[in-house]
Each structure stands twice: as C-alpha cells, then as structure tokens.
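Q: Please take a close look at the open and closed spaces in this structure, and at the salt bridges found in it. What lines the spaces, and which residues pair up?

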Amino acid sequence: MPKIKINGRELEVAEGITILEAALSNGIYIPHFCYHPHLAVSGNCRMCLVDVKPGPPKLSISCATTVAEGMEIETENEKVRAARAAVMEFILKNHPLDCPICDQAGECVLHEYYMKYDLKPSRLFSPDDKVKKQKQRRLGKHVVLDSERCILCTRCIRFVRNVSGDESLAMIKRSDRMEITTFPGTTVDNPYSLCLTDVCPVGAWTSADFRFKQRVWFLKPSASICPHCSRGCNIWIDHRREEAFRIRPRVNPEVNKSWACDEGRLNYHLINDDRLTVPLVNNGDGQKEASWREALKVASGIFEEAGENLSVIVSASLSLEEGKAVLALFQESLGAEVMLNTGNAGWEDNILRQSDMNANTKGLTDLGITEPLDAGFDESTVLVVFETLGSAPLPEGMPDPAIVISPSVTPAVKAAKVALPAASYAESAGTVVNFMGLSQSYSPALRSKGQAQAHSETIKKLAAVAGTG
C-alpha cells in the first residue's frame with residue numbers, strides 16, 4: 001500500500017486509487033464538479049487541481065491521477081487556490097444570475113463553491129455580455145433542462161451512456177456556445193431519468209414533478225427503504241409538515257449505489273394521496289365511518305362466526321416484525337391459514353429494478369409464509385387481508401374480504417365489512433430482507449395519517465377482541 005502525504009499528513013492508502021479518492025476517504029475535501037464516485041472519470045472541470053511533488057511543474061487533476069509511493073500533495077497552497085479561483089471565474093462567466101428562482105438553491109454545489117473558493121464580483125461589464133442559451137426545455141417525461149445553468153461537467157452524458165444505457169444525450173457546438181442536448185428524434189425517457197437531477201451539481205437538470213414545489217431548506221430528509229420492489233433501494237423521504245414532497249436515492253454501494261428508478265421516486269405520492277384515515281364498517285347499509293371501538297367490536301363478531309373458515313392474506317411488503325405478529329395471532333392462536341400475496345411480476349432490468357414488486361418476499365417466506373394465493377376458497381371462507389402502500393390487489397374471483405387492514409383506499413377496502421387504517425412504511429418502523437438476503441431496517445419519517453396505526457398495533461387490538469391478547 002503506497003505511503004503518501006496530503007497537506008503534510010502521512011497516509012497509507014489503497015493501491016490504484018486516485019488522489020481525489022484517497023483524500024475523500026481520509027476526510028480531506030477537494031472540490032470537484034465532474035467527478036462522481038459511480039461514474040467514469042472525465043477530468044474536464046479542472047476544479048480538483050492539486051500540487052504534486054515529485055511531479056509535473058503544472059498542477060494535476062486529482063480525479064485522474066493515481067497515487068504513487070512517496071507522493072507529497074498540496075490541496076490548499078497559494079498556487080492551487082489561484083487556479084481554483086480561475087476555474088470558478090471561468091465557469092461563472094456565463095452562468096445566469098437566477099439563483100433566487102432556481103430549484104437547486106440550497107443544494108447547488110456551484111453556489112457553495114463560490115462562497116468557499118471565489119467570492120469575487122464578476123469582471124464582466126454587464127449581465128447582457130453573458131452568452132444566452134436555451135432555457136426550461138422539457139427533454140423527457142420527468143426532466144427539464146436549463147442549458148444556461150449547465151456547467152458542462154458531462155455527468156449526465158456519462159450517466160445515460162454508462163448506467164441507463166440509452167445514448168440519448170450529446171454535446172453540441174464549440175467554445176462557450178457548447179451545450180448539452182438530445183440526439184434528434186430522441187428524448188430522455190429511460191426508467192432512471194430523474195437520476196440526472198441527482199448527478200447534476202447545479203440547477204441545469206430539474207424534476208418536472210418537484211419544480212417550484214418547495215424550497216429545500218424547508219424540507220427534512222428522513223432515511224428509509226423503498227418498498228416497491230425486492231431490491232430495497234436506500235432512499236431519503238424529503239418532507240415538511242407531515243407531507244412528503246420527493247424521494248431521493250441514499251447512497252449504498254451494496255444495494256443501489258447512488259441511483260433510484262423514477263417509478264420508485266414518484267411513488268411518494270402514495271404516501272400523501274388516497275389514504276384510509278378512519279375505520280370503516282359495513283353493516284349491510286354501505287360503508288360508514290366508525291370509531292376504532294365500534295370497528296373492533298364488529299371484527300370480534302366476525303372472528304366468532306368464522307371458526308375454522310378463517311384465512312389470512314398478507315402483502316409481501318409487510319415487515320418481518322409484522323409478519324411474525326400475523327403468524328403468532330392467526331396461525332398459532334386462531335389456526336388460520338396465512339397466505340402471501342406477491343402479485344404479478346413487474347418489469348426488471350440489469351440496473352436496479354426487480355420483477356418482484358414487493359419489499360420483503362424473501363423475509364416473509366423465510367418466516368414460513370409460503371402458501372400462494374391459489375388455494376381453494378368457497379363462500380364460507382372468511383378473509384382477513386393485510387395490505388401495504390402500493391401492494392398488489394387481490395386476484396379476481398376471490399370472495400370479498402371480511403376485514404382489511406390497509407394504508408390506502410383500495411378495492412379490497414371498499415369491499416370489506418371492516419376496514420382499519422394502517423400506517424405506511426413512511427410512518428412506521430420495521431425490517432425487510434431484499435432479494436439478495438440483505439436485512440435492512442427503516443424508521444418512521446412522518447406521523448400516521450388520521451387514525452391510522454401501525455400494523456403491529458392493530459394486530460394487538462385484533463388479538464384482544466379475538467380473546468388471545
């Protein structure tokens with residue numbers, strides 16, 4: 001392992017890594033625009049210049065210079081600072097003065113670097129001297145490009161070429177007229193297009209869904225796990241005043257690197273919309289809102305009448321803790337058959353997405369919930385259904401459920417005699433096991449909607465009225 005010095009600090013680093021990687025892994029920050037840990041190196045922004053001895057007389061780009069035994073690297077001497085300031089001035093020469101209306105405000109790396117490494121007024125005589133480019137171009141279903149804000153770091157081009165693999169973006173023109181655009185007749189509509197808003201260090205690529213919804217400094221990020229396929233991508237739920245406004249990927253090299261699919265991101269709408277917030281009871285005259293006490297009393301009568309005809313269907317996105325509670329009450333205490341609803345297979349790719357559209361199929365099958373939904377049902381079957389946010393609907397031809405515990409207003413909820421509101425994954429804690437066998441835990445980001453309660457709490461209440469609690 002090579003021994004090097006960075007700013008006089010002796011370090012022993014891994015063989016074959018770059019100066020930038022060595023610095024960042026040891027808590028030494030070198031500013032950079034074009035470098036991204038999960039993209040190919042480009043080395044075009046020149047922001048990461050450092051002084052290397054022994055080495056060339058000119059400064060070296062740290063993102064593309066491999067460490068070697070005996071290197072002495074300076075990241076903050078006068079020569080480096082002057083070069084860094086010159087790069088900043090060059091980048092800012094034609095950058096528009098629209099920070100107050102830019103969606104990237106509060107997250108803009110360019111703005112952050114200006115405050116840290118430049119902080120000088122422009123030497124242009126007038127803003128009118130800036131080169132004008134195309135603004136607010138809808139280049140895909142989910143993304144908008146402002147070419148004037150683009151600093152030509154090429155992260156977006158490398159992402160579509162090397163990660164999503166759709167070859168939709170290219171650089172055109174020359175000198176300070178250069179800009180990024182789509183090839184003629186193409187759009188940026190791959191399933192990971194919103195990752196462009198993550199890799200973009202400025203406000204050039206923005207989300208059509210999130211634009212002008214919230215200032216990011218008002219949002220609180222909470223760590224969670226995406227429940228919409230068996231990958232279990234690590235995510236941030238950005239929320240304010242108990243409302244989710246967006247989902248972003250949370251870096252995990254073992255699971256999803258820095259990425260998340262568009263579908264998983266935009267499913268944050270399910271956290272806010274069409275939620276079941278109060279118990280519903282149908283006594284033969286249509287569903288009506290009821291108190292928890294009234295709903296549990298009706299549920300108690302259903303349990304008494306069901307006897308040995310009780311069957312339970314659980315979503316394959318229930319947590320391990322909820323699955324264990326279901327088995328303890330319904331299988332062990334009430335002798336009911338517990339079946340797993342995995343739904344139909346979805347789309348799959350070789351990037352992240354899995355065809356199993358559930359978060360915890362492996363975890364629940366490992367618990368012993370393996371019975372599929374092809375068991376025979378007749379008119380005497382009394383169904384209890386546990387749903388999760390976005391879980392698969394019940395197959396056609398099944399009897400109407402007697403009791404449904406769900407976070408959303410679904411067809412099963414509308415058909416139930418008793419519907420009990422459940423907290424979603426964003427409002428509860430639990431553990432899921434992804435398709436690779438990796439166990440991952442999540443915590444509540446929001447308070448439960450209305451009178452909704454976590455599945456585990458509802459199971460305790462059902463156990464009490466069933467005479468087993």
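A: What follows goes through the pockets, then the cavities, then the salt bridges.

The model is predicted. Start with the largest pocket, which has a volume of about 970 Å³. Its lining is made up of 37 residues, and those closest to the centre are Gln 104, Thr 197, Asp 198, Val 199 and Arg 248. Several elements each supply at least two residues to this lining: α3 (109-118), α5 (195-199), β10 (205-207), β13 (243-249) and α6. Of these, β13 gives the most, with five residues. Sorted by class, the lining of the largest pocket holds 19 nonpolar, eight polar and 10 charged residues.

The second largest pocket has a volume of about 660 Å³. It is lined by 30 residues, and Leu 92, Leu 97, Tyr 114, Lys 120 and Ser 122 lie nearest its centre. Two or more residues of this lining come from α2 (78-92), and the same holds for α3. Helix α3 also supplies at least two residues to the lining of the largest pocket. In the second largest pocket, the lining divides into 15 nonpolar, seven polar and eight charged residues.

Next come the cavities. The structure holds four of them with a volume of 30 Å³ or more. The largest cavity contains about 110 Å³ of space. Among the residues that line the largest cavity are Pro 227, Ser 317, Glu 322, Thr 388, Tyr 425 and His 455. Ala 423, Ser 424 and Ser 428 are also part of this lining. By class, the lining of the largest cavity has six nonpolar, five polar and one charged residues.

The second largest cavity contains about 90 Å³. Its lining has 13 residues, and the ones nearest the centre are Cys 226, Cys 233, Cys 261, Gly 264 and Arg 353. This lining consists of eight nonpolar, two polar and three charged residues.

Arg 353 leads on to the salt bridges. Its side chain meets that of Glu 263 in a salt bridge, with N and O 3.3 Å apart. The two partners come from distant parts of the chain, 90 residues apart: Arg 353 is in the loop between β17 (337-341) and α10 (361-367), while Glu 263 is in helix α6 (residues 262-266). Arg 353 counts as buried because its relative accessible area is 2%, under the 20% limit. Glu 263 has a relative accessible area of 33%, so this residue counts as partly exposed.

A second pair is Arg 275 and Glu 427, whose closest N and O atoms are 2.8 Å apart in a salt bridge. Arg 275 lies in the loop between α7 (269-272) and β14 (280-282), and Glu 427 in the loop between β20 (418-421) and β21 (430-433), so this salt bridge ties together parts 152 residues apart in sequence. Both Arg 275 and Glu 427 are buried.

A third pair is Lys 173 and Glu 179, with side chains that meet in a salt bridge at 3.3 Å, N to O. Lys 173 has a relative accessibility of 51%, so this residue counts as exposed. Glu 179, in contrast, is buried, because its relative accessible area is 3%.

Salt bridges also occur in a network, which links Asp 98, Lys 135, Asp 146, Glu 148 and Arg 149. Across the whole structure, the search finds 25 salt bridges.

Note on methods:
Residues numbered from 1 in each chain as written. Predicted model: local features only at pLDDT ≥ 70, side-chain atom pairs only at ≥ 80, totals over all residues. Heavy atoms only, no water. 1 Å grid on protein atoms, 1.4 Å probe; cavity = no way out; pocket = protein on both sides within 12 Å on 5 of 7 lines; lining within 4 Å. Points joined across faces, edges and corners; volume = space filled by probe spheres on them. Nonpolar A, V, L, I, M, F, W, Y, C, P; charged D, E, K, R; others polar. Salt bridge = Lys/Arg side-chain N within 4 Å of Asp/Glu carboxyl O. Buried < 20%, exposed > 50% of the residue type's maximum accessible area, 1.4 Å probe, protein only. Helix = DSSP H or I, 4+ residues; strand = E, 2+ residues; numbered from the N terminus.
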